[in-house]
Every structure is written in structure tokens, then in C-alpha cells.
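Colleague: Hi! Could you walk me through this one before I set anything up?

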Amino acid sequence: MGSKHLVKQLRVHGDPRIEERDARAKFGWKREEAERLLDDEMVALVDLQKRLFADKSASLLIVLQAMDAAGKDSTIRAVLSGLNPAGVDVQPFGVPTDEELGHDYLWRIHRHTPEDGYIAVFNRSHYEDVLIARVKKLVPKSVWKKRYRHIREFERMLAEEGTHIVKIFLNVSKDKQKERFEERLHRPDKNWKFRAGDLDDRALWGDYMQAYSEAIEETSTKHAPWYVVPADRKWARNVCIARILRHHLEQIDPQYPEPDPDIDFDNIVVT
Ligand code: ATP
């Protein structure tokens, strides 16, 4: 499938209909082919990131949201660690601290949005405040309902000020999550990742899907679109994400700055 068509297909307009999407989708690729495609995408992404960093006229914010074990960390490793780390800031958002809870929920978020030239990756984000906050009833409906509007307005402001926003929901199936949890439980190199609370969230799967669907529908906008990426097959997921990021970086179209006209580059001798 062509890149443009793929990106269009993954992008959400209106109700994302998460349950109807195939978390195992592989778009006709075989694993080896997808790995080759990812290599090609990475070459393009590295070049675009270099330009973004040199140009310093815009930034890219990538919001990653998902259920546990959907592969947020491995996405970051597979797709983003190939970029120049000096220009990438990965920021996880866990349970808020007391200080963070003493402020509005966007306070801790805003200070990590990217500076011009940089890419910021949010591993979880302000969306937790309309997801877990809703599902676990941390705040009443009258509070989380208003947050869709706050988020739309906050993201619009960021976009108008030069932050390009891409939001990705990694769509893992409930069966695949079970498989990955079991692997975590039985592998000493992975069981440190398992939290008892993971099972509580799994038991609330339906509520989370409803919360995700509504949050995505309410906040997928032209300036800050959501993508639902199938996440059961990591190799297909990686190509999808790389293509989405490439599409957005190409839209930014960063350029190397013009050289200083007062410098005669051809006649400079470095001794
Ligand atoms: P992950 O599951 O993202 O890989 P982790 O298991 O290492 O991360 P942390 O990063 O410490 O755990 O925290 C993640 C947890 O914090 C999730 O359960 C998430 O729902 C919760 N969390 C994040 N933001 C908020 C918030 N605003 N309010 C309440 N809980 C939140």
C-alpha cells in the first residue's frame, strides 16, 4: 500500500471505531519486507530530523497513548532511537506527583512541549486526564468532560505557535495483551515491567475503549490529528508510525538555513 494512502487510512475523522479496526493488520507486507521498508523510512526520517534541527522554525510533538503492553516503549526504541538523540526528548507521564496535582493538569505537560528544532515524544500525556481519570473516577464527569475543550484549545495554541502535533493510539488487541503479560510474568528480563495495577486496567478494557473512542473523536483535529495504528505485529506497527512521522515532517518541510552571504566559502583555507 502506498504511503499516502496508508497514512490517510490510519488517520481518524470522527468516531475512530476502534473495535472494528484490525489490530493485526499488516497491509499485505511480510515481516522481512516490512523491516526493509522501515530501513528506507528511517533514512528519510534521519534526513528530515537533521533539517528540522538546523531550520529551528518548528517542532514536532508526538503523543503516544495505549493500553499496557501495547508497545509504547518498543515503538520509541524501534522508530525514534534511530534519530539524532540530541534533538529528541522522550518524556514519560506517570501518576502525577502531589505538586503536579496541586496545579491544573496541563501544567506538567506544557513545560515538556518541544523547543523549535526538536522532537518531543510523550509516553502517555494529558490524555490520561480524560482516560484513567474518567475510567477510575478520579474526577467527576463534570470535570473531565470540559477537558476535551481545554485540550483542543491548548493544542491549537501550540500548533499556531509552531508545534506540529501527531497523536498515535497503539491499537493492541486484548488477546495480544494477554500474551504479552504472560511473557512478562515468565521472563526475568521482563517481569520488572509488570505492575499489579495492569490487571485492574485490563479488567476495565471496555471502559477504556469507550474512553479512548470518545477522547479521540473529540480531539482529532486538523492541527492535531489522531492516528489509530494496529499494534499486534510490531514490524507492521513500526512502518506505519515511521510513515506517519515522515508525512508530518514533510509537511513541515524544514530547510537548511541559507549560508552567511558575507562568507566566501570557496576561498576559506582551514590551516
Ligand atoms: P507504562 O505503563 O506507561 O509503560 P509504567 O508501567 O512504567 O509505564 P509509570 O510510567 O510509572 O508506569 O506510570 C504509568 C501509570 O501512570 C499508568 O497507569 C497511567 O494511567 C498513570 N497515569 C499517567 N498519568 C496519569 C494521570 N494524569 N492521572 C492518573 N494516573 C496517571
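Modeller: Sure, we can take one helix and then the ligand.
Modeller: This is a predicted model, where local features need pLDDT of at least 70, side-chain atom pairs count only at pLDDT 80 or more, and totals for chains, interfaces and linings use all residues. Residues are numbered from 1 along each chain as its sequence is written, and side-chain values use heavy atoms, with hydrogens and water left out.

Colleague: How many residues does α7 have?
Modeller: Helix α7 has 20 residues, 141–160; helices here are DSSP runs of H or I, at least four residues, numbered from the N terminus.

Colleague: Where is its kink centred?
Modeller: The kink in α7 is centred on Y148 and is about 25°, taken as the angle between axes fitted to the seven residues ending there and the seven starting there.

Colleague: Which α7 residues are buried?
Modeller: W144, R147, Y148, I151, F154, E155 and L158 are buried, meaning under 20% relative accessible area with a 1.4 Å probe, protein chains only. Their cover includes β4 (163–171) and α10 (205–219).

Colleague: Switching to the ligand, which residues come nearest?
Modeller: D68, K72, R124, E128 and R195 do, out of 14 around the ligand (a heavy atom within 4 Å).

Colleague: What does R108 reach in the ligand?
Modeller: A polar side-chain atom of R108 sits 3.1 Å from a ligand nitrogen atom. For K72, the partner is a ligand oxygen atom at 3.0 Å.

Colleague: And how much of the ligand's area does the protein cover?
Modeller: The protein covers 75% of the 630 Å² of accessible area that the ligand has on its own, using the Shrake-Rupley method with a 1.4 Å probe.

Note on methods. Helix = DSSP H or I, 4+ residues; strand = E, 2+ residues; numbered from the N terminus. Expected span 1.5 Å × (residues − 1). Buried < 20%, exposed > 50% of the residue type's maximum accessible area, 1.4 Å probe, protein only. Contact = heavy atoms within 4.5 Å. Polar contact = N/O pair within 3.5 Å; in protein donor to acceptor, adjacent residues only side chain to side chain.
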